[in-house]
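Student: I have a structure open and would like to learn how to read some of its features. Where do we start?

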Amino acid sequence: ASPSSPVAALHGYGDKLARNGAEEKFRTATELLGWWLGRLVRSGARGESGPPPIVPEEEGLAGRMLAATGVDPTGLARWMEEWEKTNRLADDTSRLNLDRKQAVLSTFHALQSAMKA
């Protein structure tokens, strides 16, 4: 993977959150991701194509995620499950002092897999 590839960027992000002293950054990042996924589910449940983007880079992401699974109860249940798993892994990682980089990589891999399932 090239240094500018999404995989390299994700590994770099995981490295930043795994550094000594970055526990609060990890907690903030995972809380924000959980909040964002909750917004995704609520938006889909209202029949919307996704919540409005907060930052320009996010434009269309929620819509693509919802379109990949559908906004029927099964598709929304998949995102609710990912929301629960993300929150549980973040909590377990902080509470049990697990590898934060691995938690980040696992979370984003799970989200990517949910879009393909």
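Tutor: This is a predicted model. We start with a charged side chain: Glu58 is buried but has no salt bridge.

Student: Which side chain of opposite charge is nearest to Glu58, and how far away is it?

Tutor: That is Arg39, at 4.1 Å. A salt bridge needs the nitrogen and the carboxyl oxygen within 4 Å, so this pair does not count as one.

Student: What does the side chain of Glu58 reach at 2.8 Å?

Tutor: The backbone nitrogen of Ile54. Glu58 itself sits in the loop between H2 and helix H3, which covers 61-69.

Student: How do I check the length of helix H2?

Tutor: Count 1.5 Å a residue. Helix H2 has 23 residues, 23-45, so the expected span is 33 Å. The C-alpha atoms at its ends are 33 Å apart, in agreement with that. Just after H2, Gly47 has a positive phi of about 80°.

Student: Is Gly38 buried or exposed?

Tutor: Compare its relative accessible area with the cut-off: buried means under 20%. Gly38, in helix H2, has 9%, so it is buried.

Student: And Trp35: what does it count as?

Tutor: Trp35 is also placed in helix H2. Its relative accessibility is 43%, and partly exposed lies between 20% and 50%, so Trp35 counts as partly exposed.

Student: Which residues make the nonpolar surface patch?

Tutor: Leu32, Trp35, Ile54 and Val55 make it, with an area of about 390 Å². Ile54 is thus named twice here: in this patch and as the residue whose backbone nitrogen the Glu58 side chain reaches.

Methods: Residues are numbered from 1 along each chain as its sequence is written. This is a predicted model: local features need pLDDT of at least 70, side-chain atom pairs count only at pLDDT 80 or more; totals for chains, interfaces and linings use all residues. Side-chain values use heavy atoms; hydrogens and water are left out. Helices (H or I, at least four residues) and strands (E, at least two) are DSSP runs, numbered from the N terminus. The expected span of a helix is 1.5 Å times one less than its number of residues. Buried means under 20% relative accessible area, exposed over 50%, partly exposed in between (1.4 Å probe, protein chains only). Patches are made of residues with over 30% relative accessible area and no salt bridge: like charges are joined within 9 Å, nonpolar side chains (Val, Leu, Ile, Met, Phe, Trp, Tyr) within 5 Å. Accessible areas come from the Shrake-Rupley method with a 1.4 Å probe; for residues, only the protein chains shown count as cover. Lys and Arg count as positive and Asp and Glu as negative; His and the chain ends are not counted. A polar contact is a pair of N or O atoms within 3.5 Å; within protein, one must be able to donate a hydrogen and the other to accept it, and residues adjacent in sequence count only if both atoms are side-chain atoms.
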